[in-house]
Amino acid sequence: MSKKALITGVTGQDGAYLSKLLLEKGYKVYGLLARRSSDTQWRLRYLGIGNDVDLMEGDLTDLSSLTRLLAAISTDEVYNLGAQSFVATSWMQPILTGMTTGIGAVNLLEAIRLTDPAIRFYQASSSEMFGKVQEPVQSERTPFYPRSPYGVAKLYAHWMTVNYRESFKTFACSGILFNHESPLRGIEFVTRKISDGVARIKLGLQRELRLGNLEAKRDWGYAADYVEAMWMMLQQKTADDYVVATGRCTSVREFCRLAFSHVGLDYEKYVVTDKKFERPAEVDVLIGNPAKAKSVLGWKPKTSLEELVAMMVDADLARVASETQLASSISAR
Ligand code: NDP
Ligand code: GDR
């Protein structure tokens, strides 16, 4: 019998890549679909799996919908990827962020406890929990110091995951993932904003790219590599927490240089800094130590930063070019 998994956040970047991975492994995949007024399933279609995931309506803030759903599908694994995940928005909507990103995880843990305590649970924790870093390189043992309502909400969900594991023996894992990107990254995040900007500038559709703090440094990996670590965590004998990262740290400025130079342009001629994109409190630098994920799970990143940048810029060049062609063919009619 094939295994079953429920993914919350199935319409997001990681939800799409994880769905693809689990389908390839023969899983029956269910996705929690939050009600929206317009279509959110473009990423699943992009990966060619638009009809393969069984989408079930519900919301992380609505315990009744989660309980009913889990009772209906009798799943083996639950991956909680759903969240208000944009750090900048979390200062504008701290309560919504707390309800979705923090309490949402507990709603799901409760739904598991009430319906089938044998379900294995993955929580999408974040390097943002390290925030104002207490050690130069962060591991599972590094103390946390979140710097945004998002980071605080994720820390609450992380400790509740640990708490359910220790109190109720729930098989609950927390993956502390550092930034991971792809052509499916939301346009509001800096890497995709840059790759999209590079494509528009190269195609003559935009003159400049306005960004905030260019000196922020992140440990950037490829999302499709990272979802493998999520799955590996739930296949172990015991539940545990793992840092997933590359161990390489790069500034936003250097990411710009790589992305512009991929199309033969000098970033300094196009990038303009704009205070509007600065944050009330910044996380200056993050570097993860993935040694535990390597030794226990056998996981390691497969894609270099240079490969990731090239993949994202090429995908945006193709996307922007086809949108422009479509627009001009419509206006010519
Ligand atoms: P995205 O922002 O791309 O996806 C977020 C998903 O959450 C979307 O499917 C969204 O649905 C869904 N969602 C939002 N609110 C609700 C709600 N109330 N009920 C149900 N679903 C909801 O995030 P990523 O794919 O990049 O990240 C996946 C998870 O991993 C997130 O929890 C994120 O915080 C965390 N994380 C991400 C990292 C990264 O670098 N990408 C690093 C570390 C952690 P809709 O499309 O309808 O809005
Ligand atoms: P982050 O990602 O906050 O690390 O959270 P983001 O790409 O938004 O920012 C990274 C860094 O770039 C700086 N920056 C800008 N950021 C954005 N979005 N737009 C800009 O114009 C800009 N200019 C500079 C930011 O200040 C920041 O320092 C992501 C999310 O996926 C979280 O959900 C996840 O938990 C963490 O990664 C790990």
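**Close-up views of two ligands and two cysteines**

**View 1. Parts of the chain that surround ligand 1.** Helix 1 (13-24), strand 5 (120-126) and helix 6 (149-168) each give at least two residues to the shell around ligand 1. Helices (H or I, at least four residues) and strands (E, at least two) are DSSP runs, numbered from the N terminus. Strand 5 provides the largest share of this shell, three residues. Before you look further, note that this is a predicted model, where local features need pLDDT of at least 70 and side-chain atom pairs count only at pLDDT 80 or more, while totals for chains, interfaces and linings use all residues. Residues are numbered from 1 along each chain as its sequence is written, chains are lettered from A and ligands numbered from 1 in the order in which they are written, and side-chain values use heavy atoms, with hydrogens and water left out.

**View 2. Neighbours and polar contacts of ligand 1.** Of the 27 residues around ligand 1 (a residue is near if one of its heavy atoms lies within 4 Å), T11, D14, S85, Y150 and K154 come nearest. By class, the shell holds ten nonpolar, twelve polar and five charged residues. Here Ala, Val, Leu, Ile, Met, Phe, Trp, Tyr, Cys and Pro count as nonpolar, Asp, Glu, Lys and Arg as charged, and the others, Gly among them, as polar. Look for the side chain of D59, with an N or O atom 2.8 Å from a nitrogen atom of ligand 1. In the side chain of K154, an N or O atom is 2.8 Å from an oxygen atom of ligand 1. Taken alone, ligand 1 exposes 910 Å², and the protein buries 88% of that (Shrake-Rupley method, 1.4 Å probe).

**View 3. Ligand 2 and its shell.** Among the 22 residues around ligand 2, S85, S126, Y150, R279 and E282 come nearest. The shell divides into nine nonpolar, six polar and seven charged residues. Oxygen atoms of ligand 2 are found 2.6 Å from a polar side-chain atom of S126 and 2.9 Å from one of R185. Taken alone, ligand 2 exposes 710 Å², of which the protein buries 96%.

**View 4. Two cysteines without a disulfide.** With a disulfide taken as a pair of cysteine sulfur atoms within 2.5 Å, the count is zero. The cysteine sulfur nearest to that of C249 belongs to C256, 15 Å away. C249 is partly exposed (between 20% and 50% relative accessible area, 1.4 Å probe, protein chains only), at 27%. C256 is buried (under 20%), with a relative accessible area of 0%.

Terms used
A polar contact is a pair of N or O atoms within 3.5 Å; within protein, one must be able to donate a hydrogen and the other to accept it, and residues adjacent in sequence count only if both atoms are side-chain atoms.
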